[in-house]
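Let's take a friendly walk through the open spaces of a protein model. Have a look at the structure first, and then we will go through its pockets and one of its helices.

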Amino acid sequence: MDKRRHMYGKVFKSHIFGSPTIISTDAEVNRSILQSDAKTFVPFYPKSLTELMGKSSILLINGSLQRRIHGLIGSFFKSPHVKAQITRDMQKYVQLSMNNWQENCPVYIQHQAKNIAFQVLVKALIGIDPGDKLELLKIQFQEFIAGLMSLPINFPGTRLYRSLQAKKRMVRLIQNIIQGKRDRNVSAMNEDVADILLNDTSEELTDELISDNMIDLMIPGEDSVPVLITLAVKYLSDCPAALQQLTEENLKLKRLKEKHGETLVWNDYLSLPFTQNVSSFC
């Protein structure tokens with residue numbers, strides 16, 4: 001990227017994953033594109049990604065169905081019940097992870113963050129706790145996500161083919177979980193995102209569409225969230241003063257909670273202004 005930018009300027013033509021592409025490394029151009037309406041610039045994804053996501057992916061559908069799914073999922077994650085559950089799960093999985101850390105052994109933050117974020121996210125999406133099912137799902141998900149940005153060549157042995165096969169196995173696993181929910185008659189129960197979508201009356205929300213979108217919604221737990229956590233640790237390590245202030249702020253809250261015999265709740269985050277600034281910076 002740097003080589004081409006020096007040769008051709010901040011905006012230049014290229015090919016990425018078999019598609020002709022305009023590359024912009026100019027902040028002002030990028031800001032203009034991101035702030036424009038959908039009529040001027042519309043989302044486009046590499047062929048490998050669209051094949052893996054499928055036509056029913058929330059990234060690729062539009063109109064009333066997309067708004068309906070966005071609305072259902074958004075409302076679910078904003079509910080106090082879910083926020084409380086995620087807070088408890090995050091504490092539990094972080095503690096379980098830390099229990100395995102050993103003295104004089106390196107801790108790979110991004111790897112640990114991926115494990116924790118994936119567990120919390122999958123629990124919120126389809127209600128799976130740590131165990132054999134989650135491990136199987138995680139293995140297939142790793143195989144699936146490796147092909148999101150690959151050459152769009154689909155025949156046995158290629159990266160895209162292996163990822164498509166992994167997705168099929170994930171879909172079967174998730175559909176079995178959905179069928180189990182139907183057999184248990186989970187109507188009126190909204191413990192996870194799958195429950196919310198299953199209990200909706202729209203005929204468009206088929207089991208296949210729900211399964212596909214459960215997989216798509218797992219992607220932030222693999223990429224964006226762990227990377228941000230890793231960057232936060234990296235930048236704090238480079239700034240001892242900020243690390244000390246962050247540590248003192250959180251230990252103060254911890255002592256207060258222990259004094260009153262309380263556990264952490266979602267809104268405790270709002271009482272940590274410096275911690276919020278660190279998160280916003282990353």
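In this predicted model, the lining of the second largest pocket is made of 14 nonpolar and four polar residues, with no charged ones. The pocket holds about 620 Å³ of space. Of its 18 lining residues, Thr21, Ile22, Ile33, Val42 and Phe44 are the closest to the centre. Two elements, β2 (19–24) and α2 (27–35), give two or more residues to this lining, and β2 gives the most, with six.

Now turn to the largest pocket, with about 2,500 Å³ of space. Among the 50 residues that line it, those closest to its centre are Met90, Val94, Ile229, Asn250 and Thr275. At least two lining residues come from each of α5 (80–99), α6 (109–126), α11 (219–222), α12 (224–238), α13 (240–259) and α14 (273–281).

Here are the two linings by class:

| Pocket | Nonpolar | Polar | Charged |
|---|---|---|---|
| Largest pocket | 33 residues | twelve residues | five residues |
| Second largest pocket | 14 residues | four residues | no residues |

One helix of the largest pocket's lining, α12, is worth a visit. It has 15 residues and reaches 21 Å from its first C-alpha to its last, close to the 21 Å expected. Which residues of α12 are buried? They include Pro226, Ala232 and Leu236. These three lie on the same side of α12, because they cover an arc of only 120 degrees around the axis. The cover over the buried residues of α12 includes α6, α11, α13 and α14.

Conventions
Residues numbered from 1 in each chain as written. Predicted model: local features only at pLDDT ≥ 70, side-chain atom pairs only at ≥ 80, totals over all residues. Heavy atoms only, no water. 1 Å grid on protein atoms, 1.4 Å probe; cavity = no way out; pocket = protein on both sides within 12 Å on 5 of 7 lines; lining within 4 Å. Points joined across faces, edges and corners; volume = space filled by probe spheres on them. Helix = DSSP H or I, 4+ residues; strand = E, 2+ residues; numbered from the N terminus. Nonpolar A, V, L, I, M, F, W, Y, C, P; charged D, E, K, R; others polar. Expected span 1.5 Å × (residues − 1). Buried < 20%, exposed > 50% of the residue type's maximum accessible area, 1.4 Å probe, protein only. Arc of directions from axis to C-beta. Contact = heavy atoms within 4.5 Å.
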